[in-house]
Amino acid sequence: MKRISIALIAAVCMAALTGPALAEKITVATDTNFPPFEFKDKSGKHTGFDVELWDAIAKVIGLEYELQPMDFNGIIPGLQTKQLDVGIAGMTIKPERAEVVDFSDPYYDAGLLILVRNDTTDINAIEDLKGKVVSTKLGTTSEDFAKKNAAAKEVKLFPNNDAMFLELMSGGADAVIFDSPVIAEFMRTAGQGQFKVVGPLYMGQSYGIAFPKGSELVPKVNAALKQLREDGTYNALYRKWFNTDPK
């Protein structure tokens, strides 16, 4: 009995060292529609840069996970309540977010762009949005930026990218303000030849992977990101989804 008790204590100690993150299937939240970072392909499977990057990270660490596509604005609350273990959704590392969740090291550098219809002549910079209608995505850095800097008559907020762009296409908005890689992907695909970017790149920002406060996964993910950069996996994924090398 004594030997059995010692064995049980040893097993409990080992479980404490490895942690539940390595022994259980975790839940990883991602946005439902944020191409080329995450989106549904023609077969209905979720894919994209974030999805494939996380899969590579999970393989390095040895994690089993379930992908949970959801509206972007529900991810941080889900992490705060620990219903989610990880959030990877083109999420900008911001001080106010870092107060309620933990972030990995940055894995992507971006910024915000202004998109208008090709026939627009009176919008050439953020200052020209005064009195205009701007559409963007709910709960994002773009929402904060538009409300603070655009002096717009109205900032229309939508839960996904498609609705945000559709509002511009239908004439319900004069401009879209949003993340540069998503704007570029839209202009390359559904919006090809119909829209143009005006002004410079605003508000340079970095994306990070988010976790509940105090998560033991943070250092493990940072180490995996470092390994993927060093072995070329990160560069290969970046070239696949953005058709260029990372800066």
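Start by selecting Glu-185, which counts as buried because its relative accessibility is 15%, below the 20% limit for that label. As you look around, keep in mind that this is a predicted model.

Now add Arg-188 to your selection. Glu-185 and Arg-188 form a salt bridge, and their closest N and O atoms are 3.1 Å apart. Both residues sit in helix H8, which covers residues 180–188, and they are three residues apart, about one turn of the helix. Why might two such side chains pair up? Side chains of opposite charge can do this when their charged atoms come close.

How many salt bridges are there by the rule used here? The count comes to 12, so there are others to visit.

**Next stop: Lys-240 and Glu-52**

Select Lys-240 and Glu-52 together. In this salt bridge, the closest N and O atoms are 2.8 Å apart. Here the pair links distant parts of the chain: Lys-240 belongs to helix H10 (residues 233–242) and Glu-52 to helix H3 (residues 49–61), with their positions 188 residues apart in the numbering. Are these residues buried, partly exposed or exposed? Lys-240 counts as partly exposed because its relative accessibility is 49%. Glu-52 is also partly exposed, at 23%.

**A network to explore**

Move on to Asp-144 and Lys-94. Their salt bridge has its closest N and O atoms 2.4 Å apart. This pair, too, links distant parts of the chain, 50 residues apart: Asp-144 is in helix H6, while Lys-94 is in the loop between strand E5 (86–87) and helix H5 (95–98). Lys-94 is buried, with a relative accessible area of 9%, whereas Asp-144 is partly exposed at 25%. Add Glu-96 to the selection, and you have Lys-94, Glu-96 and Asp-144, linked in a network of salt bridges.

**Last stop: a cavity**

Rolling a probe the size of a water molecule over the atoms shows where empty space is left. How many cavities of 30 Å³ or more are counted in this model? There is one. The largest cavity holds about 80 Å³ of space.

To find the spot, select Phe-72, Gly-90, Thr-140, Thr-141 and Asp-179, which lie nearest the centre of the largest cavity among its 13 lining residues. Then colour helix H6 (141–149) and strand E10 (175–179), since each supplies at least two residues of the lining. What kinds of residues line the largest cavity? Four are nonpolar, five are polar and four are charged.

Terms used
Residues are numbered from 1 along each chain as its sequence is written. This is a predicted model: local features need pLDDT of at least 70, side-chain atom pairs count only at pLDDT 80 or more; totals for chains, interfaces and linings use all residues. Side-chain values use heavy atoms; hydrogens and water are left out. On a 1 Å grid over the protein atoms alone, a cavity is a set of points where a 1.4 Å probe fits but cannot get out, and a pocket is an open set with protein on both sides within 12 Å along at least five of seven lines; lining residues have an atom within 4 Å of a point. Grid points are joined across faces, edges and corners, and a volume is the space filled by probe spheres set on the points. Helices (H or I, at least four residues) and strands (E, at least two) are DSSP runs, numbered from the N terminus. Ala, Val, Leu, Ile, Met, Phe, Trp, Tyr, Cys and Pro count as nonpolar, Asp, Glu, Lys and Arg as charged, and the others, Gly among them, as polar. A salt bridge is a side-chain nitrogen of Lys or Arg within 4 Å of a carboxyl oxygen of Asp or Glu. Buried means under 20% relative accessible area, exposed over 50%, partly exposed in between (1.4 Å probe, protein chains only).
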